[in-house]
Amino acid sequence: MTRAINFLKYTMSGIAEVIVQSHPVAGTLILLAILIHSWQMAISAFFATAIATGFAILIKKKQKIIALGLYGYNATLIGIAFVYLYQVTYLSIFILFICSILSVYISLWIPAYLKVPTFTAPFVLITWLVIGVENLLHLLPAGNVLNFNDNIYTLGLGEAVGQVYLQGNGITGVIILLAIVLYAKSDFIWAMAATCLAWLIAHTLNYPAVNIENGLYGFSAVLTAIALQNIKPLIFPISGIIITVFVTQAFILIGWPSLTAPFVIVSWLVILTHRFYLNQSAQS
């Protein structure tokens with residue numbers, strides 16, 4: 001019984017770790033937020049996270065890292081993306097199972113060989129790969145998986161937070177923000193600042209209103225803000241937040257799903273630039 005309870009805690013922490021909140025209660029709130037928007041996405045998110053978490057336990061990774069959800073969160077996003085993109089069939093479930101396991105291996109490989117944080121790169125790479133070969137895999141396009149068609153909007157601010165989990169719904173975003181503020185008030189402040197800044201930039205540049213209302217310019221900015229908030233001077237995280245808006249627009253213009261790639265690309269760039277900055281400062 002204790003093992004089952006711990007496994008459930010680890011899985012919930014994985015769901016929360018997408019937005020860098022390693023706490024099972026936060027994960028439960030976030031899963032509830034997803035459930036409100038789409039019960040199918042919620043089930044798939046839980047299933048994929050559980051598979052990745054269980055596999056990390058099976059290959060005997062460090063329990064402390066597993067408990068933080070660090071091997072599960074990319075699978076969370078893969079599970080949501082699969083339901084968003086494809087019909088649920090025995091084949092798609094099997095492929096999701098394989099992809100969830102693969103996300104664990106990539107999570108281990110990136111910091112070991114690229115010397116940068118994993119972030120959500122496994123989710124991006126795996127989902128892009130599946131999209132690229134979806135016809136070969138005979139995956140069928142998904143129908144409507146939302147619980148209701150008329151989403152509750154908050155001018156694109158709450159939606160930006162919700163879109164971290166591919167949930168373009170204001171109420172979902174507000175509940176996710178609640179999960180953040182309960183355990184990390186600084187993360188909440190940075191998340192709100194980032195979504196507002198991204199919203200302001202997108203409006204100033206007259207980017208498509210529908211994209212702004214759906215939070216498409218804000219979710220990578222939110223993740224970037226939370227991930228980079230401790231880097232000093234502040235010009236680094238603030239620059240990262242701003243650049244994500246332009247990178248997101250570039251993906252929209254070329255017609256390829258950005259997923260959380262703007263967050264990953266920009267955050268890696270800022271981290272590498274900051275390392276160079278520190279080296280130069282130490283030498284001078």
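**View 1. Pro233 sits in the loop between H12 and H13.** Welcome to a short tour of a predicted model, starting at this loop. The peptide bond that leads from Lys232 into Pro233 is cis, and its omega lies near 0°. The helices on either side are H12, covering 219-228, and H13, covering 235-254.

**View 2. Val20 has a positive phi in the loop between H1 and H2.** Here we look at the stretch that links helix H1 (2-17) with helix H2 (24-37). Val20 is not a glycine, yet its phi is near 60°. Is Val20 buried, partly exposed or exposed? Its relative accessibility is 37%, so Val20 counts as partly exposed.

**View 3. Phe119 is a residue with positive phi in the loop between H6 and H7.** The backbone of Phe119 takes a phi of about 50°, although this residue is not a glycine. The loop that holds Phe119 joins H6 to H7. With a relative accessibility of 14%, Phe119 counts as buried, because the cut-off for buried is under 20%.

**View 4. Helices H5 and H7 cross at roughly 30°.** Two packed helices can be described by the angle between their axes and by the distance between those axes. For H5 (residues 73-85) and H7 (residues 121-132), the axes come within 8 Å and the crossing angle is roughly 30°. H5 is therefore roughly parallel to H7, since angles under 35 degrees count that way. The crossing of H5 with H7 is right-handed.

**View 5. Side by side, H5 and H7 bring these residues into contact.** From H5 come Asn74, Leu77, Ile78, Ala81, Phe82 and Leu85. H7 contributes Ala121, Pro122, Phe123, Ile126, Thr127, Val130 and Ile131. How do the residues of this contact divide into nonpolar, polar and charged? Eleven are nonpolar and two are polar, while no charged residue takes part.

**View 6. H14 is a helix of 23 residues with a buried set that packs against other helices.** Helix H14 spans residues 261-283. From its first C-alpha to its last, H14 reaches 33 Å, close to the 33 Å expected at 1.5 Å a residue. Which residues of H14 are buried? They are Ala261, Pro262, Phe263, Val264, Val266, Ser267, Trp268, Val270, Ile271 and His274. These buried residues pack against H6 (90-114), H7, H12 and H13. H7 will be familiar from the contact with H5, and H12 and H13 from the loop that holds Pro233.

Methods: Residues are numbered from 1 along each chain as its sequence is written. This is a predicted model: local features need pLDDT of at least 70, side-chain atom pairs count only at pLDDT 80 or more; totals for chains, interfaces and linings use all residues. Side-chain values use heavy atoms; hydrogens and water are left out. Axes are lines fitted to C-alpha atoms, for helices over the stretch in contact, and angles run from 0 to 180 degrees between N-to-C directions. Helices (H or I, at least four residues) and strands (E, at least two) are DSSP runs, numbered from the N terminus. Angles under 35 degrees count as roughly parallel, over 145 as roughly antiparallel, 65 to 115 as roughly perpendicular and the rest as oblique. A crossing is left-handed if the near helix is turned anticlockwise from the far one by less than a right angle, and right-handed if clockwise. Contact means heavy atoms within 4.5 Å. Ala, Val, Leu, Ile, Met, Phe, Trp, Tyr, Cys and Pro count as nonpolar, Asp, Glu, Lys and Arg as charged, and the others, Gly among them, as polar. The expected span of a helix is 1.5 Å times one less than its number of residues. Buried means under 20% relative accessible area, exposed over 50%, partly exposed in between (1.4 Å probe, protein chains only).
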